[in-house]
Amino acid sequence: MWLKLFFLLLYFLILFVLARFFEAIVWYETGIFATQLVDPVALSFKKLKTILECRGLGYSGLPEKKDVRELVEKSGDLMEGELYSALKEEEAAESVSSTNFSGEMHFYELVEDTKDGIWLVQVIANDRSPLVGKIHWEKMVKKVSRFGIRTGTFNCSSDPRYCRRRGWVRSTLIMSVPQTSTSKGKVMLKEYSGHKVEVEHIFKWITAHAASRIKTIYNAEHLKEEWNKSDQYWVKIYLFANLDQPPAFFSALSIKFTGRVEFIFVNVENWDNKSYMTDIGVYNMPSYILRTPEGIYRYGNHAGEFISLQAMDSFLRSLQPEVNDLFVLSLVLVNLMAWMDLFITQGATIKRFVVLISTLGTYNSLLIISWLPVLGFLQLPYLDSFYEYSLKLLRYSNTTTLASWVRADWMFYSSHPALFLSTYLGHGLLIDYFEKKRRRNNNNDEVNANNLEWLSSLWDWYTSYLFHPIASFQNFPVQSDWDEDPDLFLERLAFPDLWLHPLIPTDYIKNLPMWRFKCLGVQSEEEMLEGSQDIENDSDSESTDTFSSEKEVFEDKQSIVHNSPGRASHCDAEACSCANKYCQTSPYERKGRSYGSYNTNEDMEPDWLTWPADMLHCTECVVCLENFENGCLLMGLPCGHVFHQNCIVMWLAGGRHCCPVCRWPSYKKKQPYAQHQPLSDDVPS
């Protein structure tokens, strides 16, 4: 995860440097920057009208170029970047889709339940023609969509009852705007009552209703009162301009940021005394002033701060974001980071996409799960101060020059998605190249694996999990017996219970306790000392030989068979007198003897002091039903039961990882039994 995060941050750094490189190229070829101001006098009449349309100002009554130029100057300074964006948007001329409502519920969900946007709906009455023709309606849709206004058509033939209840007996236009200044408040529907159905007249009607929601100041006394007032709004943006009404993009933003930012329009057209504006720091007209608890910020003096809807929208979102904005940002970053797995993962192509899908699902699930408690904490009243300090930090950081560059780059790459995707792909290919080179230097075989080899290994992994469920959370090696013995698959089909046997490694057998069986009084004390050394040496050599032979058994799949009790080998050492009685008894009598019992009437008894403390005392192996002979090698299980070493190894290697007596798992530790203490009369003299 940290590697992908590093590559993502490196990619953002490359985008930042690439944007500066493009600016240097433009400056070298044309000698201008994107933040350089443009003189409207040098622009053509068509370009001036394009700027006015992007800002949302009507020019139908202005036939002269001089009047259009003055209107552009009154609405704000024009930069090279804004001119380029406006011309590019005009050349694109993409058709904008309009919604066709199917009935009352569809209309209610999209229009009446939308609290932070404007809808323009054309209602077509039964057996009537629409109020706006098809050609004019397409122009209207294209014009208003620049300002985030959504459009739709409601045909009363699909739901005549709803039209009668609403009183829509004739074709008309309906506009929905929020009724209050609070976030997620009620909406009101307004009907167009004009007689002219031209695009410009309808657009003036829309902008007039949208501008009516903005607080307008007409004199200095009102401005002074409003400037010194403290209310619920922490962020306020003032527009000081010599206009009849604010531009459409300013009105549209006031609806979009309802409850977060207060928009105030200061009309200085008929002001005689402008000294108070000088006192508060407003020297030029027009001016966009952002007032926050931290101070005053003049919008338009940094990179990317254009007089347009997109530029000011990204600026205000960075200062006063919603929770949904932060969630969308985190969603984009997480998915960009997850897609890095497509290039980091080496090997077959199918493997790359399988890992990618798994990473996307994991990261998105974790993101949604992590956001749930965050949403719950934000609703607690005790976190209001934390929320305010977080917004204060955002305002401090996003009013810097570096933040303005980041916003300008975001607008540039969002308007050129092909460039963004191509740079991401190129960055990923570079990661793939260096990662492949690094793994080849480490002699990693997965780099050269093809799709068939990886699918084969994936099938082996899947079948091993399907037929041998993992018994614990350890990473056990997965080995398949089917490649060498296809008959094993038919055996498992014949015995369905074998499908559920867990796949457990046999490495734990090497750690089981092992010792030799000895009897008391067979040799003298001096011989016992010498014999003990010989036994230890023999034990070490025999255990080494035994484990080497067992290793060969584990590595050779064909040598592992299900052992029958009669196949265990016997010890070659001489039998001691303490086991004679057990040899003379029948198997049924030996089975009846309990663990820990021994014959006190015999002169020779087993030497229990050589046994591990947590092992139960016994004198026979229940696997082969033979007595322990002097010098034979024994092995104990975690449950405390003891067997011939060869017998129990063959039992465990056959896949039966449990004790033959109590069925306790042979790989799982168990609390030791309380050992039976021999009575005083049982102790041999």
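Let us begin with strands β2 and β4. In this predicted model, strand β2, residues 119-124, runs antiparallel to strand β4, residues 172-178, and five bridges join the two. Within that pairing, Trp119 stands opposite Ser176 in β4. As a general reminder, the strands of a sheet pair through backbone hydrogen bonds, in either a parallel or an antiparallel manner.

Both strands belong to an open sheet of five strands, with mixed pairing and the order β1-β3-β2-β4-β5. Which strands form the edges? They are β1, at 99-101, and β5, at 187-191, each of which pairs on one side only. From one strand to the next, the twist averages 25 degrees.

A helix accompanies this sheet. Helix α6, residues 134-144, lies across β2, β3 and β4, and its direction makes an angle of about 145 degrees with β3, which spans 150-155.

I turn now to the cysteines. How many disulfides does the structure hold? There is one disulfide, and it joins Cys156 to Cys163, with an S to S distance of 2.1 Å. Such a link is a covalent bond between the sulfur atoms of two cysteines. The link of Cys156 and Cys163 is left-handed, with -95 degrees about the S-S bond. Are its two cysteines buried or exposed? Cys156 counts as buried because its relative accessibility is 1%, and Cys163 is likewise buried, with a relative accessible area of 2%.

Why, then, is Cys639 not bonded to Cys659? The closest cysteine sulfur to that of Cys639 is in Cys659, at 3.5 Å, which is too far for a bond, because a disulfide requires the two sulfur atoms to be within 2.5 Å. Cys639 is itself buried, at 2% relative accessible area. Cys647 is also in no disulfide; its nearest cysteine sulfur, that of Cys624, is 3.8 Å away. Cys647 counts as buried, since its relative accessibility is 0%.

Finally, I would draw your attention to helix α13, residues 323-338. This helix has 16 residues and reaches 22 Å from its first C-alpha to its last, close to the 22 Å expected at 1.5 Å a residue. Its buried residues are Asp325, Ser330, Val334, Leu336, Met337 and Ala338. Against which helices do the buried residues of α13 pack? Their partners are α1 (2-30), α12 (309-319), α14 (341-344), α15 (349-378) and α18 (417-441).

Methods. Residues numbered from 1 in each chain as written. Predicted model: local features only at pLDDT ≥ 70, side-chain atom pairs only at ≥ 80, totals over all residues. Heavy atoms only, no water. Buried < 20%, exposed > 50% of the residue type's maximum accessible area, 1.4 Å probe, protein only. Pairing = 2+ DSSP bridges. Helix = DSSP H or I, 4+ residues; strand = E, 2+ residues; numbered from the N terminus. Axes fitted to C-alpha atoms, helices over the stretch in contact; angles between N-to-C directions. Contact = heavy atoms within 4.5 Å. Expected span 1.5 Å × (residues − 1).
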